[in-house]
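This report describes the fold of one protein chain, moving from its surface and overall dimensions to the arrangement of its strands and helices. Please keep the sequence and the structure in view while reading.

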Amino acid sequence: MAETLAIYPGSFDPITKGHLDLIDRGCRLFENLIVAVLINLDKEPLFSVDERVDMLRQSTQHKKNVSVDTFTGLLVDYAAKRKANAILRGIRAFSDYDYEFQMALMNHKLSPNIETVFLMPAESYTYISSRLVREIFRLGGSVKDLVPPVVDERLRQKALTSKE
Ligand code: PNS
């Protein structure tokens, strides 16, 4: 049987402890896991793609079967290019379900050979999202418990440089 390879795609702006929990679970299920950051020119992100990739690499460097990459265009095309068998996505709550269900069905329509696998993070991470992390940061709150140390450090640097 061919080796199992999953793509874990997302914006990761920024990576949270919930994302890391999913990566942890994914790399135990699949022989190889590629965390793929979408290059989305329409959005104005908090962190550049290079910064996000860098933080992801620092947070996952101890995991031998995890790599970090970027992609543009359709996810299913990227997955085919990397010869992946699965797309990994996290579901935290019912509110995620609509969007994830629609995306999984559309990806399946576009490329019937690729399966979407959903995993739940630990219960303690179900309320964390990158959007809320950005909002708390912008309003001066602490996100220390929500993100890996490297992200917290970068956010503190950002806060300092924006005050200068
Ligand atoms: O972390 P996000 O922002 O929820 O991730 C969304 C992502 C990157 C998985 C999704 O927007 C995506 O796959 N974009 C690539 C373009 C694409 O394939 N669109 C059709 C999806 S059905």
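How much area does the chain expose, and what share of it do carbon and sulfur atoms supply? The chain of this predicted model exposes about 9900 Å², and 53% of that area is supplied by carbon and sulfur atoms.

**Overall dimensions**

Buried residues account for 44% of the 164 residues in the chain. Taken along the principal axes, the C-alpha atoms fill a box of roughly 55 × 35 × 30 Å. For a chain of 164 residues, a compact globule would have a radius of gyration near 15 Å; the value for this chain is 16 Å, which agrees with that expectation. Contacts between residues at least 6 apart in sequence may also be examined: 76% of them join residues at least 24 apart.

**Secondary structure and the sheet**

The chain contains six helices and five strands. Along the sequence, these elements follow the pattern β-α-β-α-β-α-β-α-β-α-α.

In what order do the five strands lie in the sheet? The sheet is open, its pairing is parallel, and the order is β3-β2-β1-β4-β5. Strands β3 (66–71) and β5 (115–119) stand at the edges; each has a single partner strand, so one side of each is left without a neighbour in the sheet. On average, neighbouring strands of this sheet are turned by 30° against each other, direction ignored.

Two of the strand pairings are set out in the table below, each with one pair of residues that stand opposite each other.

| Strand pair | Bridges and direction | Opposite residues |
|---|---|---|
| β1 (residues 5–10) and β2 (residues 32–38) | six bridges, parallel | P9 and A36 |
| β2 and β3 | six bridges, parallel | I34 in β2 and S67 in β3 |

**Helices and the sheet**

How does the chain pass from β2 to β3? The chain crosses through helix α2 (residues 49–60), and this β-α-β crossover is right-handed.

A further helix, α4 (residues 94–110), packs on the sheet, where it touches β4 (86–90) and β5. The direction of α4 makes about 170° with that of β4. Strand β5, one of the two strands touched by α4, is also an edge strand of the sheet.

As a general principle, the side chains of a regular strand alternate between the two faces of the sheet.

Note on methods:
Residues are numbered from 1 along each chain as its sequence is written. This is a predicted model: local features need pLDDT of at least 70, side-chain atom pairs count only at pLDDT 80 or more; totals for chains, interfaces and linings use all residues. Side-chain values use heavy atoms; hydrogens and water are left out. Two strands pair if DSSP finds at least two bridges between them. Helices (H or I, at least four residues) and strands (E, at least two) are DSSP runs, numbered from the N terminus. Axes are lines fitted to C-alpha atoms, for helices over the stretch in contact, and angles run from 0 to 180 degrees between N-to-C directions. Contact means heavy atoms within 4.5 Å. A crossover is right-handed if, with the strands pointing away from the viewer, the path from the first strand over the helix to the second runs clockwise. The radius of gyration is taken over C-alpha atoms; the globule rule is 2.2 Å times the number of residues to the power 0.38. Buried means under 20% relative accessible area, exposed over 50%, partly exposed in between (1.4 Å probe, protein chains only). Accessible areas come from the Shrake-Rupley method with a 1.4 Å probe; for residues, only the protein chains shown count as cover.
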